[in-house]
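Colleague: I would like to go through the labels put on this structure. For each one, please tell me what it rests on.

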Amino acid sequence: MSWTRKILRVDLSKGTCTPEPLNMEWANHYLGSRGLAAKYLTEEVDPKCDALGPDNNMIMATGPLTGTMASTSGRYTVSCKGPLTGAIACSNSGGFFGAELKFAGWDMIIFVGKSEKPVYLLIENDKVALRSAEHMWGKTAWETDDILHQTHQDPQMRIACIGRAAENGCLYAGVINDKHRAAGRSGVGTVMASKNLKAVAIRGTQGIGNIEDVGAFVSSTNDGKAVLAENAVTGQGLPAYGTQVLMNVINGVGALPAHNMRDVGFEGAENISAEAMAEPRKSDGKPNLTTNAACFGCTIACGRISTVDPTHFSVKDKPQYQGASGGLEYEAAWSLGADTGVDDLDALTYVNFLCNEDGFDPISYGSTVAAAMELFESGVITTQETGGIDLKFGSAEAFVAVTEQFVAGEGFGKDLGLGSKRLCEKYERPELSMTVKGQEFPAYDPRGIQGIGLNYATSNRGACHLRGYTVASEILGIPVKTEQTDSDGKAELVKAFQDATALVDSAGLCIFTTFAWGMDNIAPQIDAACEGDWSVENCLETGERIWNMERLFNEAAGFTADDDTLPKRLLEEAIKSGPTEGQVSKLGEMLPQYYEARGWTADGKIPDATRQRLSL
C-alpha cells in the first residue's frame, strides 16, 4: 500500500499535535502529495479566506512512492491557499526531507491556526513536539538549519524552514529544505511565516515496509531505472548539464524571453549557460560548476553545486559565500539573467545563493526586478525610489545591490517583495507585469512556444511550466514532436500534459522522469506499491480529477475564465526578430478548444456531467 495511513495534525493555536488515520477513500481517489493535499485543503479551508490568516491551512505531504526504491522518490509538496495569487498553491521540492517524513511514519502534516510565538515542530518517529523558535526568528534558512543541527546533534536530521524573506512578508517566499532545495513558488513560505512556524525538523528510522506487491515493485522500479539510464536526456544531458542545458537550446529556437519579455533572444545567453558553468575561469582555473548532485533515490542527478569566483565583486569580502552551494538551474538563470539583461555568471550565482539562504523564489524575484528595471528605464521610478541604485537592464552591480537591499528588508527591497503584479499596480503601470493570476512567468516565451502559453494561462497556480511541460513535445520531441508555433492540437496536448503531471506529482516522483517515462512506466510502479487498481487509465483519470478539483477551489475563491489569460504584451506585441519573428500568442484560438477538451462550458466552468464522470 506504501501509504503509512497516518497523518499528523498540528494545531498551532492550541499547541497540540494529534495523529489521525489517513482518509483511505480520498487516498484511493487522489493518490497522495499534491492531489491528496488538495483534497484535504478543499474540504477544510474556505477558498475565500485570507491566505495569511489563521484560517488557511498549510499541508506538507508525501506521495505513496516517496521514500521507496523508485527513482526520484524524494519529492514532497507544500500546499495552501497562496498569498501571491489567491489561488490554490502547491509547491514541490526534492532533497531528502520528504523521504525522512515518510521514514518517521507520516504521510502528511496539516498545520492549522497560528502560534502565539515562533515555534518549530520536532518529529522523531512517533514522538512529536512543538518547541520555541524565538531564538531563530530573524535568522536565515541556512542559519536556522545550522542551529537545529547543532541543537539536536544528529547529522541525519532533515530540516525544512523559512528565511527572512518570509518573515518580512515577501509574497513569494518559499520553504527551504536541505539548505538548497525549495518548495519555492506561490508564497507557501510566507504562509508558514504567518503561522509563526519557523521550521520542521525530522528524524525517521522506521523505513518503508508496506509495499503491496514487493516482487512486482522491485521489477517495475528496476525497469524504470534502466529506461532513465538509457535515455539521452535523463541518462546524459541532465546529469552532465542539469536543466541549464536548455539555455542555448531555447535561445536558439527563438523562445528565450529577455528584458521583462520585451524581447525574445538574449545575446548574453552563452555567458550564463550550462557550458559556461563548466568552463574553467581565469582567476583560479576552477569552473562555476563544482559537481552535480542528486536528491533522495534519484538516478538522474540533475542538481548543480557551484562556487563563485572568490575575486568577484559580489563575494570578495564575504567568505561565507565563497564555498560550494546550490547552483543555477535553468529557470533561475533565466529570470535572474536574461530577464534582467545580466550575463555575469558569478553575480547570478551569488544572487541564487541569497535566494536559497533567505528562502525566496528566484523566478518571481528575477521577473519582479525585471519589471522594476523597465519601470526605471521608463522614468516611472528613479534613484529616489531605489535608494540611489541605477536600476538599469544589464547592470550586475545594480542587481546585486538591490538584492542585498531586498534580503535586508529595507527600502525599495520591500516593494520587490510584493511581486511584479502589485509592484506595477503601485506605480500605475500594470501592463508591465508579466504574470498569470499574479504569478510570474517561467523561462519560455508563449509567443515562441504556443502550447506552453496555453498551459500558463490555464494553470491552477498561476504561470507555471511544471503544471504541463509541453516544451518537451514542442521543442524536444518528447513523446512526439509538435510544431512550436502552431496552435493546432495544442488544447489536447496541454490537457494531456497537465493531467499526467498531476498524477506524477501526487505519486511522489520527479517530473523529470517523464523525459524518459510514459504512463506505461509509471503506472506499474504505483500499482505494485499501492492497494487497488492503478492501471494507466485509472492513473490518468486520477490526474484529471486532481486538476478539476484544483479548478473548483479557484472557482470558489472567485476566479473565472477572465483569469485564463496572458499579458497584453504577449497577445499583441509580435516577436521582433529571430526564428520566431512576427509571432504572438494564439491563446484566443486555443482556449475555447481547451475548454471543450476538458468537458467544461464555454465560459470555463465545470458542469455537473464532468463532475459526476470524475466523482468530484
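**Labels and their grounds**

Modeller: Across the interface of domain 1 and domain 2, 16 residue pairs are in polar contact, both residues at pLDDT 80 or more. The model is a predicted one. The elements that give two or more residues to the side of domain 1 that touches domain 2 are helix 3 (97-103), helix 4 (141-152) and helix 5 (164-167).

Colleague: Where do domain 1 and domain 2 begin and end?

Modeller: Domain 1 covers 6-203 and domain 2 covers 244-439. The chain also has domain 3, made of 446-515 + 535-613. These bounds come from an automatic or database domain assignment.

Colleague: What makes you say that domain 1 and domain 2 are in contact?

Modeller: Contact requires heavy atoms within 4.5 Å. The contact takes 36 residues from domain 1 and 36 residues from domain 2. The domain centres, taken over C-alpha atoms, are separated by 27 Å. The area buried between the two is about 2700 Å², and carbon and sulfur atoms give 56% of that area. In domain 1, Trp142, Tyr172 and Arg185 lose the most area to domain 2, together 29% of what that side buries.

Colleague: How many salt bridges are counted between domain 1 and domain 2?

Modeller: The count between these two domains is three.

Colleague: Why is the pair of arginine 164 and aspartate 358 called a salt bridge?

Modeller: The rule asks for a side-chain nitrogen of Lys or Arg within 4 Å of a carboxyl oxygen of Asp or Glu. The side chains of arginine 164 and aspartate 358 meet at 2.8 Å, N to O. The pair is therefore a salt bridge under that rule.

Colleague: What does the pair of arginine 34 and glutamate 550 tie together?

Modeller: Arginine 34 and glutamate 550 form a salt bridge whose closest N and O atoms are 2.8 Å apart. Arginine 34 lies in helix 2 and glutamate 550 in helix 22 (residues 536-557), so the pair ties together parts that are 516 residues apart in sequence. A search of the whole structure finds 35 salt bridges.

Colleague: Which backbone angle stands out in serine 33?

Modeller: Phi of serine 33 is near 40°, a positive value in a residue other than glycine. Most residues other than glycine have a negative phi. Serine 33 lies in helix 2 (residues 33-44).

Colleague: Is the peptide bond from isoleucine 478 to proline 479 cis or trans?

Modeller: That bond is cis, with omega near -5°. Most peptide bonds are trans. Proline 479 has its place in the loop between helix 19 (471-474) and helix 20 (490-507).

Colleague: Why are strand 2 and strand 5 placed at the edges of their sheet?

Modeller: Six strands form an open sheet in the order 2-1-6-3-4-5, with mixed pairing. Strand 2 (16-21) and strand 5 (88-93) each have a single partner strand, so one side of each is left without a neighbour in the sheet. From one strand to the next the twist averages 20°.

Colleague: How do you know that strand 3 and strand 6 pair?

Modeller: Pairing needs at least two bridges. Strand 3 (residues 58-62) and strand 6 (residues 108-112) have four bridges, in the antiparallel sense, so they pair. Methionine 60 stands opposite isoleucine 109 in strand 6.

Colleague: Which strands are the edge strands in the order 15-16-17?

Modeller: Three strands form that open sheet, with antiparallel pairing. Its edge strands are strand 15 (289-293) and strand 17 (325-326), each pairing on one side only. Four bridges join strand 15 to strand 16 (residues 303-306), and leucine 289 has serine 306 as its bridge partner in strand 16. Helix 8 (residues 232-241) lies across strand 15 and strand 16, at about 25° to strand 16.

Colleague: What makes the approach of asparagine 231 to valine 233 a close polar one?

Modeller: A polar atom of the asparagine 231 side chain lies 2.8 Å from the backbone nitrogen of valine 233, and the cut-off for a polar contact is 3.5 Å. Asparagine 231 is in the loop between helix 7 (214-230) and helix 8. Not counting residues up to four places away in sequence, asparagine 231 touches Gln236, Phe515 and Ala516.

Definitions and conventions. Residues numbered from 1 in each chain as written. Predicted model: local features only at pLDDT ≥ 70, side-chain atom pairs only at ≥ 80, totals over all residues. Heavy atoms only, no water. Axes fitted to C-alpha atoms, helices over the stretch in contact; angles between N-to-C directions. Buried area = accessible area lost by both parts, 1.4 Å probe. Polar contact = N/O pair within 3.5 Å; in protein donor to acceptor, adjacent residues only side chain to side chain.
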